[in-house]
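Visitor: I am new to this structure and should be grateful for a close look at a single part. Might you guide me through the place where the two chains meet, and then through what lies around it?

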Amino acid sequence: MKSKGFRFYFRIYCKILAQDLKSKMSYRADFIISTIGMIFTNIAGFVSFWILFRNFPSINGWTYYEMLFLYGFSLISLTPVQCFFDNNWSLRIYVYSGDFIKYCFRPINLFFYYQSEVFDIKGLGQLAFGIGTLIYAWVKIGLAFTPLMILKMIVFLLTASLIMISMQNAAAATCFWIQNSFYVLDLVFRFKDYAKYPITIFNRLFRFVFTFVMPIAFIAYYPSLVILRPDEIPILSWISPLVGCLFFFLSYKFWMYGAMKYSGTGS
Amino acid sequence: MNLKKYLTLTRAGIIESLQFRLGTLVMIIGNVLYLTVIYFLWDSIYKSSGTDIVNGMTFTDTLIYLVLATALFNFMEMYTVWEIGRNIQSGKIVLDLLKPMEYRSYLFWSYSGSFVTQFFFTFLPTFIIVGLVTHGAIPMGINLLFFVISVIMAIIINYSIDFLVGTICLYTESIWGINIMKQVIVLLLSGATVPIAFFPEPFKTIVNYLPFQSIYNAPLTILLNGNPEMQDVLTILGTQLIWCVVMTVLSKLFWKASLRQITVNGG
């Protein structure tokens, strides 16, 4: 397959996106209720966070606002996976029913085509919530507001989000082997709730696990250290963009490997 | 009442749930991870707070409370909303309505099988492990008996709320949004995420007047109190009983009224 340029894919993405939004709009009630549901989830998450930390001024050397910063950071970096890769949740159904074969016959990248089919608008509410939280924490901590900081922030947010995307891709792709990948996906989906805690609360073993085995610490903790604690940035923070790209690449290869193995259901 | 037909459904449910061994395994891994995070989080919270008792609860109390709340959640969660919603969308509900059993009891009893398996495979092991890890900090006495009674009523309240919310799907045809709203509200206001003892004052009083705290907070409060005042236990159980009756009646009435609304697309 001849590789096609970025502009080509961008144009296709916009076209598919428009179609998807049109079809979503025809179920308006569902759309509105789902959006409210998402807002509810974020509010509830925030309320439980607030209840927990109003009892304690600091945890393990982390102040309330620093924790809030981590929380906002994790919400934002989890947005891309929610918005652009939501179709991973349906993968097992397509594979099981045999409908997945339709994606295999297009002259464009299979992974791209599959993921582009669904854009989940609900994620935008989460993004707004995350940005609000982050700015609030930013102001309260009294961090500087320079262009360099913002640039750092954007770079690290983007690469942090690659981690969650990779984990979800890999989890969804297991369905090429084990059919029902729901449990695996659900397990990975629950990881996102742990991303908001500083990894220093864990003991040595679990620090290792959450850094190298299940890299949740790269979703918020390591990247946000660059902004929060510029005096003591561990090497893992600086390499987190590389880790993000590497994991994404690996998960893409894994996903494609599974898809290439796919032989259809015969119908 | 012919009990045999209900027990047949229970048996079928047990056999069905034993089919998904891989799912159970992944779920256990997920729970172990979750409990690890809970353990370290609260451990560092208590270490940073400088006192042993926060809001009348020791670290061990909080740990037992939260771990068993998770175990209870896994044990009680029946995905009723999903089931009803899916049945409405696919039209299968028509067949269920024709069955010689009330739909509400049919659904409940077909899930009762997984109560049995979940009890032995997740709840009991968790209970024993927690007992061992905390060196027998769970008081063993008359409170166990009250705990069982309380859990049974919790199941009924939880099911009634689920059924009530599921009935809403008849009107909205939106499942995801409705379900997520119910889930976050129940988990937050029942004390499953943060023990209700930690809630700030006006909030705590309001929550105590809602049915949700009867699901997790009530049985766990009873369990953690080794030599209970009879009056306290009776107040908790009495409140639960009232909610049992109220929610059951409400969900039945709402279902009856809504059945006239039903539109089924094919099936």
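Guide: In this predicted model, 31 residues of chain B are in contact with 31 residues of chain A. On the side of chain B that touches chain A, two elements give two or more residues each: α2 (21-49) and α8 (176-189) of chain B. The largest share comes from α2(B), with 15 residues. Sorted by class, this side of chain B has 20 nonpolar residues, 10 polar residues and one charged residue.

Elsewhere in chain B, helix α11 (residues 230-259) also merits attention. At 1.5 Å a residue, its 30 residues should span 44 Å, and the end C-alpha atoms are 43 Å apart, which agrees with that expectation. Five residues of α11(B) are buried, namely Ile236(B), Gln240(B), Trp243(B), Met247(B) and Ser251(B). An α-helix has 3.6 residues a turn, so residues three or four places apart point the same way. The buried residues of α11(B) pack against α7 (142-172) and α10 (217-224) of chain B.

Chain A, the partner across the interface, has 14 helices and two strands. Its C-alpha atoms fill a box of roughly 60 × 40 × 35 Å along the principal axes. For 267 residues, a compact globule would have a radius of gyration near 18 Å, and the 20 Å of chain A agrees with this. Of the 267 residues in chain A, 37% are buried. Among the contacts in chain A with a separation of 6 or more, 80% are between residues 24 or more positions apart.

Note on methods:
Residues are numbered from 1 along each chain as its sequence is written. Chains are lettered from A and ligands numbered from 1 in the order in which they are written. This is a predicted model: local features need pLDDT of at least 70, side-chain atom pairs count only at pLDDT 80 or more; totals for chains, interfaces and linings use all residues. Two residues are in contact if their C-beta atoms, placed from the backbone, lie within 7 Å. Helices (H or I, at least four residues) and strands (E, at least two) are DSSP runs, numbered from the N terminus. Ala, Val, Leu, Ile, Met, Phe, Trp, Tyr, Cys and Pro count as nonpolar, Asp, Glu, Lys and Arg as charged, and the others, Gly among them, as polar. The expected span of a helix is 1.5 Å times one less than its number of residues. A residue is buried if 20 or more other C-beta atoms lie within 10 Å of its own, exposed if 12 or fewer, and partly exposed in between; C-beta atoms are placed from the backbone. The radius of gyration is taken over C-alpha atoms; the globule rule is 2.2 Å times the number of residues to the power 0.38.
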